[in-house]
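Grab a pencil and take a good look at the protein below. Then try each exercise before you peek at its solution.

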Amino acid sequence: MTRTAKAGLDALLTPEQSVLVLIDHQPFQFANVHSHEPTMIVNNVVGLAKLAKVFDVPTVLTTVIEDRGGHLIKGLQDVFPDQKPINRTLINTWEDRRVVDAVERTGRTKLILAGLWTEICVAMPAIQAAGEGYDVFAVTDASGGVSAEAHDMAVRRMEQAGVVPITWMAVSGDWQRDWARESTAAALGPVLQEHAGGSGIALAWELQLLATPTADGAGV
């Protein structure tokens, strides 16, 4: 597998080349997240999952020893109600052949990862997959570590291996790329309104203004 450029247009994400793997967003993992406010990670990873549905990006869900660590959080499972997560014992997701096979079947080369914890469950597969030729992107605000230092050191470690850190809203921008792509823009709007904080509020306001009748009775 030949890796693409890290600069230029080809370095950006496209829906057609992307595959998303969401790792271990489970109660046990969340219980010791201290790098971020856990509710923000929940918001961001659910937003990221909804983006994947909007842009028809294949998504692999995986958990670790879920009979002890708990099932995938409800908000995330609700985005993919018919998909059963791959339940592993291996700490490193990329050492589980079922996960790798699921990714390989997509034929996609831009691998997007998010998970708990960043320093273990994201860093390990990211570094291994990068070494095997994938263009790997780690969604840092849909992931979290046991401390701010643990998360930050994981991001540094991944960068040294060629992994690209990115946020979930940056993923949305790469995938949408052009607001004239109305088929996805219409579905993207509600995701941003629900999960994008102030940006979502501003979008709702803009849509309100566009729908406000003018003196002649037409919208703005």
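Here come some short exercises, each with a solution in steps.

**Before you start**

This is a predicted model, in which local features need pLDDT of at least 70 and side-chain atom pairs count only at pLDDT 80 or more, while totals for chains, interfaces and linings use all residues. Residues are numbered from 1 along each chain as its sequence is written, and side-chain values use heavy atoms, with hydrogens and water left out.

**Exercise 1. Describe the chain as a whole: how many helices and strands are there, and what is the radius of gyration?**

Step 1: Start with the elements. The protein chain has 10 helices and 6 strands; these are DSSP runs numbered from the N terminus, with helices being H or I over at least four residues and strands E over at least two.

Step 2: Now check the overall dimensions. The C-alpha atoms fill a box of roughly 65 × 40 × 35 Å along the principal axes. The radius of gyration is 18 Å, which agrees with the value near 17 Å for a compact globule of 220 residues. That radius is taken over C-alpha atoms, and the globule rule is 2.2 Å times the number of residues to the power 0.38.

Step 3: Look at what is covered. Buried residues make up 49% of the 220, where buried means under 20% relative accessible area, exposed over 50% and partly exposed in between (1.4 Å probe, protein chains only).

Step 4: Finish with contacts, meaning heavy atoms within 4.5 Å. Take the contacts between residues at least 6 apart in sequence: 77% of them join residues at least 24 apart.

**Exercise 2. Find the largest nonpolar core: which residues touch the most other members?**

Step 1: Get the term straight. A nonpolar core is a set of buried Ala, Val, Leu, Ile, Met, Phe, Trp, Tyr and Cys residues joined through side-chain atoms within 4.5 Å. In soluble globular proteins, nonpolar side chains tend to be buried together.

Step 2: Pick out the hubs. The largest core has 35 residues, and L22, L48, L51, V139, W168 and W175 touch the most other members.

Step 3: Ask where the members come from. β1 (18–23), α2 (38–54), β4 (110–115), β5 (135–139), α8 (168–176) and α9 (182–195) each supply at least two. The largest share, 7 residues, belongs to α2.

Step 4: Zoom in on one hub. Leaving aside neighbours within four places in sequence, V139 contacts L48, I112, L113, A114, I166, T167, W168 and V171.

Step 5: Don't stop at one core. There's a second, separate one of 23 residues, and V21, I86, V99 and V122 are among them.

**Exercise 3. Compare two glutamines: are Q176 and Q193 buried or partly exposed?**

Step 1: Place them. Q176 sits in helix α8, and Q193 in helix α9.

Step 2: Read off the accessibility. Q176 counts as buried because its relative accessibility is 2%. Q193 has a relative accessible area of 34%, so Q193 is partly exposed.

Step 3: List the partners, again skipping neighbours within four places. Q176 touches F55, R181, T184, A185 and L188. Q193 touches G200, L203, A204 and L207.

**Exercise 4. Look at P125: which residues is it in contact with?**

Step 1: Find P125 in helix α6 (residues 118–131). With 1% relative accessibility, P125 counts as buried.

Step 2: Beyond the neighbours within four places in sequence, its contacts are I23, N92, T93, W94, L113 and I120.

Step 3: Check one distance. P125 and T93 are 32 residues apart along the chain, yet 5.7 Å separates their C-alpha atoms.

**Exercise 5. Hunt for backbone oddities: where is the cis peptide bond, and what is the phi of D24 and of I65?**

Step 1: The cis bond joins L116 and W117, with omega about -5°. W117 lies in the loop between β4 and α6.

Step 2: D24 isn't a glycine, but its phi is positive, about 60°. D24 is in the loop between β1 and α1 (27–31) and is buried, at 0% relative accessible area.

Step 3: I65 also has a positive phi, near 40°. Its loop runs between β2 (59–64) and α3 (66–69), and I65 is partly exposed at 34%.
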